[in-house]
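Please open the model in the viewer and display side chains as sticks. The tour below proceeds from one charged pair to the next.

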Amino acid sequence: MAPGDMNIAAFLQRAGSIERLGPLAIATPEAQVLKGEVVAAGKRYKARIDADRKAGRKTTSCPPENGTLTPDQWLAHLRSYPAASRKSISVYSAFDGLMRKRYPCPA
């Protein structure tokens, strides 16, 4: 499985196992694995958007070059997906969905 391909049900389950640690959770190896999933999804997303722009194709969203995403914003987005569909949606697809929501292209 490539980084970013973890399904969001598994991601949320793993995140839930360390959330109880509060701010200390970020220092755990599990948090680093989860962060790696999100970073990989972001890199794949940016590479795709950049390739689309370079080729003159319309992009699915129009994000700024730099942005921030807090863990709470990310988890809230993942939790917005219906529980029944979480096993079939990858972290990468969820990242793309969040970018479409946050940064729609002008009409």
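Select Arg-48 and Asp-96 first: in this predicted model, their side chains meet in a salt bridge, with 2.8 Å from N to O. The pair links distant parts of the chain, as Arg-48 lies in helix α2 and Asp-96 in helix α4 (residues 91-102), 48 residues apart. Colour the two by accessibility. Arg-48 is partly exposed, at a relative accessible area of 23%, whereas Asp-96 has 9% and is buried. Asp-96 counts as buried because its value falls under the 20% limit.

Next, select Lys-46 and Asp-50. A salt bridge joins these side chains as well, at 2.9 Å from N to O. Both residues belong to helix α2 (residues 29-54); because they are four residues apart there, about one helical turn separates them. Is each partner buried or partly exposed? Asp-50 is partly exposed, with 32% relative accessibility, and Lys-46 is also partly exposed, with 34%.

Then move to Arg-57 and Asp-52, whose side chains form a salt bridge of 3.0 Å, N to O. Arg-57 is partly exposed, at 47% relative accessibility, while Asp-52, at 12%, is buried.

Finally, add Glu-65 to the earlier selection of Lys-46 and Asp-50: salt bridges with shared partners join these three residues into one network. To place these stops in context, the structure holds eight salt bridges, among them Arg-48 with Asp-96, Lys-46 with Asp-50 and Arg-57 with Asp-52.

Conventions
Residues numbered from 1 in each chain as written. Predicted model: local features only at pLDDT ≥ 70, side-chain atom pairs only at ≥ 80, totals over all residues. Heavy atoms only, no water. Salt bridge = Lys/Arg side-chain N within 4 Å of Asp/Glu carboxyl O. Helix = DSSP H or I, 4+ residues; strand = E, 2+ residues; numbered from the N terminus. Buried < 20%, exposed > 50% of the residue type's maximum accessible area, 1.4 Å probe, protein only.
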